[in-house]
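Dear colleague,

Please find the structure below. My notes on helix packing and disulfides follow it.

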Amino acid sequence: MKTWLLAVPGLALNVMALSWVISTERKGCPCTANWRLQYLKYWYMFAVASSIAAIISRDLFVLFPVAGAVMIASLIAFYALATLLWKVERQDCACAQDWREKTLLFTVFVNVVAAIAGAVAGV
């Protein structure tokens, strides 16, 4: 299997996430106006660019030389996204809620469940 093809769904999800972040920012949504939204904006710009680089170079591991830094940045992005979505849901923040926010909420849920299942299974 051509592993670089795995970047295609990631690209689609990252573009969708970036569009939600930019849309929320442009609306001036007060419940998302903090460091997390700004961090996510730049993170998703980087993620989109790296997905495109992986597809063009046909190498999923195009960022391997900086993998440690990318891993730390991705953990910060996951924390920022999960806590921002929690805040949006908890405060019933209508200006930030749409299908993209629900999709991101679902992906965060799936990632948390997968991490817990992996920890329990010892994977």
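In this predicted model, helix H1 (residues 7-27) and helix H2 (residues 35-57) have axes that come within 9 Å and cross at roughly 150 degrees. Helices here are DSSP runs of H or I with at least four residues, numbered from the N terminus; axes are lines fitted to C-alpha atoms over the stretch in contact, and angles run from 0 to 180 degrees between N-to-C directions. H1 is therefore roughly antiparallel to H2, a label for angles over 145 degrees. The crossing of H1 past H2 is left-handed, that is, the near helix is turned anticlockwise from the far one by less than a right angle. Among the contact residues (heavy atoms within 4.5 Å) are Leu11, Leu18 and Val21 of H1 and Leu40, Tyr44 and Ile55 of H2. By class, this contact of H1 with H2 has 16 nonpolar, 5 polar and 2 charged residues; Ala, Val, Leu, Ile, Met, Phe, Trp, Tyr, Cys and Pro count as nonpolar, Asp, Glu, Lys and Arg as charged, and the others, Gly among them, as polar.

H1 also packs against H4, at an angle of about 125 degrees and with the axes 9 Å apart. H1 and H4 are therefore oblique to each other, the term for angles that are not under 35, over 145 or from 65 to 115 degrees. H1 again passes in a left-handed crossing. Residues that meet here include Trp20 in H1 and Trp99 in H4, and the contact of H1 with H4 divides into 6 nonpolar, 4 polar and 2 charged residues.

The whole structure has 2 disulfides, defined as pairs of cysteine sulfur atoms within 2.5 Å. In one, the sulfur atoms of cysteine 29 and cysteine 95 are 1.9 Å apart. Cysteine 29 lies in the loop between H1 and H2 and cysteine 95 in the loop between helix H3 (67-90) and helix H4 (99-121), so the pair ties together parts 66 residues apart in sequence. Cysteine 29 is buried, at 2% relative accessible area, whereas cysteine 95 is partly exposed at 27% (buried means under 20%, exposed over 50%, partly exposed in between; 1.4 Å probe, protein chains only).

Cysteine 31 and cysteine 93 form a disulfide with sulfur atoms 1.5 Å apart. Both of these cysteines are buried.

Residues are numbered from 1 along each chain as its sequence is written, and side-chain values use heavy atoms, leaving out hydrogens and water. Local features need pLDDT of at least 70 and side-chain atom pairs count only at pLDDT 80 or more, while totals for chains, interfaces and linings use all residues.

Yours sincerely

How values were computed:
Helices (H or I, at least four residues) and strands (E, at least two) are DSSP runs, numbered from the N terminus.
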